[in-house]
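Hi everyone, thanks for coming. Today I'd like to walk you through the pockets of one structure, so let me put it up on the screen.

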Amino acid sequence: MQTDHNADIALKKTIRQTCLARRDALAPSWRADISARLGSADGPAIALDPGTVVAGFHPIRSELDIRPLLARLAGQGAQLCLPAIVDAHTILFRRWTPGAPLVEMALGTVGPGNQAETLDPDIILMPLSAFDRYGGRIGYGGGFYDRAIAALRTRGLSPRLIGVAFDCQQADRVPTEPHDVGLDEILTESGLRRLPY
């Protein structure tokens with residue numbers, strides 16, 4: 001059993017490295033064009049009611065920049081929040097409005113400061129390293145989102161989970177462990193798709 005677990009960890013690491021290398025190889029100008037397209041009026045529709053709390057993220061490295069999309073969702077009445085790393089194991093989702101200042105956090109990220117209100121998201125737009133067509137997701141290895149979503153579910157909440165990536169980050173199949181949270185949908189340059197597909 002331990003051997004299978006170690007093999008899964010090794011396989012996840014290999015898939016993560018492969019998919020991130022593909023993402024890093026995308027031209028920055030092309031990535032910027034995709035980000036702008038997702039935020040445009042004719043970008044993919046994410047159905048929501050006014051007041052829906054949407055958790056996004058501030059891009060790091062070669063991640064898809066969803067700030068234009070978040071601005072569009074705010075214009076449709078969404079309340080926005082971003083993850084804030086509060087300790088070595090925990091993220092909270094704190095209220096944010098486009099253009100509001102952010103503070104430096106661990107792991108090279110930025111997020112709203114501790115004066116910002118903590119919100120419970122109805123929709124979480126999740127960054128990732130790799131995904132598969134079955135809803136499997138590989139993050140960056142820290143488990144922050146898995147723990148945050150487990151904490152929300154413990155309180156009876158069930159946010160809609162939308163992975164955000166480029167098509168090149170799709171793997172044939174990613175290994176999953178009991179604590180791994182699966183995706184409901186995936187958003188890429190090809191649009192918004194239900195998982196599994």
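Which element gives the most to the lining of the second largest pocket? That is α4, with five residues. Please keep in mind as we go that this is a predicted model.

This second largest pocket has a volume of about 170 Å³. It is lined by 14 residues, and the closest to its centre are Ile91, Leu92, Ala148, Ala151 and Leu152. Two elements, β3 (residues 90-95) and α4, each give two or more residues to that lining. And what sort of residues are they by class? In the lining of the second largest pocket you'll find eight nonpolar residues, along with three polar and three charged.

Now let's turn to the largest pocket. Its volume is about 750 Å³. Here 33 residues form the lining, and a run of names sits closest to the centre: Tyr140, Gly141, Gly142, Gly143 and Phe144. If you'd like to trace the walls on the screen, look for α1 (2-24), β2 (79-87), β8 (137-138) and α4 (144-154), the elements that give two or more residues to the lining of this largest pocket. Among these, α1 provides the largest share, with five residues.

How do the residues lining the largest pocket divide by class? There are 16 nonpolar, nine charged and eight polar ones.

One last thing to look for is α4. This helix gives two or more residues to the lining of the largest pocket, and α4 also gives the most to the lining of the second largest pocket. Thanks for listening!

Conventions. Residues numbered from 1 in each chain as written. Predicted model: local features only at pLDDT ≥ 70, side-chain atom pairs only at ≥ 80, totals over all residues. Heavy atoms only, no water. 1 Å grid on protein atoms, 1.4 Å probe; cavity = no way out; pocket = protein on both sides within 12 Å on 5 of 7 lines; lining within 4 Å. Points joined across faces, edges and corners; volume = space filled by probe spheres on them. Helix = DSSP H or I, 4+ residues; strand = E, 2+ residues; numbered from the N terminus. Nonpolar A, V, L, I, M, F, W, Y, C, P; charged D, E, K, R; others polar.
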